[in-house]
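Here are my notes, set out as numbered points for a colleague who will want to check each contact against the coordinates.

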Amino acid sequence: MRMTDKVLQNFNTSAFQNALIEWYHANKRDLPWRADQDPYKVWVSEIMLQQTKVDTVIPYFKQFISKYPTPRDLAYADQQEVLKTWEGLGYYSRARNLQHAIQEVVASYDGKVPDDPNELGSLKGIGPYTKGAILSIAYNQPQPAVDGNVMRVLSRVLKVDDDIAKTSARKKFETYAASLISHDDPSSFNQGMMELGALICTPKEPMCMFCPVQDYCRAFQEGVQQALPVKSKQKKQKVVPYTVLLIQNDKGHYVIEKRPADGLLANMWQFPMVPTVEIGNDHIEQWFHMEYGIDITKKVKKGNLKHVFTHLVWQLEIYEATTASTKVTDERLKIISRDELDEYPFPVSHQKMMKYLR
DNA sequence: AAGCCGGGGCG
DNA sequence: CGCCCAGGCTT
């Protein structure tokens with residue numbers, strides 16, 4: 001007997017489906033991306049919702065769709081403008097991959113989001129979860145869509161103690177989800193699982209008293225819902241110190257720098273950052289001249305700022321500086337007025353410094 | 001399989 | 001401050 005069969009043995013699948021779907025229809029939140037089933041809008045919402053809370057996504061989704069209502073609008077947009085629209089949402093590769101994939105949809109599929117699992121899944125930024133979400137929600141196909149919510153719900157309902165941080169666990173939960181999914185209403189089933197995870201079957205203190213599938217939940221029956229899911233914790237981030245330079249010239253314009261096209265915060269803009277470990281606080285002006293070809297004078301320290309990423313911590317020491325330059329030769333740099341700062345996409349850490357300038 | 005890639009909210 | 005979280009890509 002296969003492992004999948006053992007876990008699902010004696011499980012009342014159709015009763016579970018009915019209870020979940022009925023609850024979903026009665027309790028689903030009225031969210032902007034649920035106004036219709038436009039595959040493009042479903043896609044945009046699912047990308048934004050990756051690792052991101054609903055409340056955070058709502059205003060971004062509205063602005064994004066009003067700016068780029070159709071795949072073609074997004075495909076032909078300038079990437080810097082797309083990043084500006086994404087500014088503050090984080091994981092900016094999502095925006096770059098989404099636009100890249102949409103361009104492929106326009107070029108290869110006449111602007112229509114493919115409903116073929118292989119075609120859809122091969123698009124940039126669409127992994128197993130997003131593929132299943134789009135196929136089930138927009139095209140009503142019975143495909144599993146296993147995210148963190150679904151793994152949490154299933155780990156409790158089926159009492160599975162696999163470490164959900166591992167890839168192998170996600171694959172296992174996908175086979176369970178594929179077996180459990182309603183073929184009558186795959187969209188409501190998948191969205192119901194995620195809605196249940198968000199509203200009832202929460203990470204801590206799940207509200208089992210209000211749970212529509214309490215009768216079918218093995219963890220609840222045994223009182224172990226608090227101990228599930230099992231998830232190994234990530235290790236601590238590395239702390240990296242930088243000196244940030246808020247450089248102004250005589251006209252009060254600022255020097256800003258475009259980050260590399262790859263890696264952390266790719267193609268975003270920032271106030272120049274000097275890696276303190278490599279350069280040392282005493283050689284910053286020299287180094288800046290060597291690196292960028294302009295002369296600066298470091299002035300007073302304005303403060304410290306700690307910014308935490310998933311696996312990295314920036315320890316920022318912020319200095320005011322001046323330069324006599326009015327133009328730059330280095331391609332990474334620009335000198336712009338304070339008002340023009342609003343036109344460039346900055347990560348949140350640098351937006352905080354910008355706020356401080358006003 | 002493990003590392004890389006943001007940000008906000010919570011207690 | 002540590003902890004949590006609607007993933008996917010690269011190596």
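The points below take up the two DNA strands in turn and then the salt bridges.

1. The model is predicted, and every distance in these points should be read as a value computed from that prediction.

2. Around DNA strand C there are 25 residues, and the closest of them are Leu-49, Gln-51, Thr-130, Asp-147 and Asn-149. Of the atoms of DNA strand C that come within 4 Å of the protein, 68% belong to sugar and phosphate. The surface near this strand comprises 10 nonpolar, eight polar and seven charged residues, and the helices α9 (128-137), α10 (148-157) and α12 (186-199) each contribute at least two residues to that surface.

3. Three polar contacts to the backbone of DNA strand C can be checked individually. The side chain of Thr-130 places an N or O atom 2.6 Å from a phosphate oxygen of DNA strand C, whereas Gly-125 approaches a phosphate oxygen of that strand through a backbone N or O atom, at 2.8 Å. For Asp-147, an N or O atom of the side chain is 2.5 Å from a sugar or linking oxygen of DNA strand C.

4. DNA strand B is surrounded by 19 residues, with Tyr-92, Lys-235, Leu-265, Thr-310 and His-311 the closest. Sugar or phosphate makes up 62% of the atoms of DNA strand B within 4 Å of the protein, the rest belonging to bases. By class, the surface near DNA strand B has nine nonpolar, eight polar and two charged residues.

5. Phosphate oxygens of DNA strand B are approached by both side-chain and backbone atoms. An N or O atom in the side chain of Tyr-92 is 2.6 Å from one such oxygen, and a polar side-chain atom of His-307 lies 3.0 Å from a phosphate oxygen, while Leu-265 uses a backbone N or O atom, at 2.4 Å.

6. The structure holds 12 salt bridges. One of them joins Glu-174 to Arg-170, with the closest N and O atoms 3.1 Å apart; both residues belong to helix α11 (residues 167-180) and are four residues apart, about one turn of the helix. Glu-174 counts as buried because its relative accessible area is 18%, under 20%, whereas Arg-170, at 22%, is partly exposed.

7. Lys-301 and Glu-317 also meet in a salt bridge, at 3.2 Å from N to O, and this pair links distant parts of the chain, with Lys-301 in strand β5 (residues 296-308) and Glu-317 in strand β6 (residues 312-323), 16 residues apart. Lys-301 is partly exposed, with a relative accessible area of 38%.

8. Finally, Arg-29, Arg-34 and Glu-195 are linked in a network of salt bridges.

Key: Residues are numbered from 1 along each chain as its sequence is written. Chains are lettered from A and ligands numbered from 1 in the order in which they are written. This is a predicted model: local features need pLDDT of at least 70, side-chain atom pairs count only at pLDDT 80 or more; totals for chains, interfaces and linings use all residues. Side-chain values use heavy atoms; hydrogens and water are left out. A residue is near a molecule or strand if one of its heavy atoms lies within 4 Å of it. A polar contact is a pair of N or O atoms within 3.5 Å; within protein, one must be able to donate a hydrogen and the other to accept it, and residues adjacent in sequence count only if both atoms are side-chain atoms. Ala, Val, Leu, Ile, Met, Phe, Trp, Tyr, Cys and Pro count as nonpolar, Asp, Glu, Lys and Arg as charged, and the others, Gly among them, as polar. A salt bridge is a side-chain nitrogen of Lys or Arg within 4 Å of a carboxyl oxygen of Asp or Glu. Buried means under 20% relative accessible area, exposed over 50%, partly exposed in between (1.4 Å probe, protein chains only).
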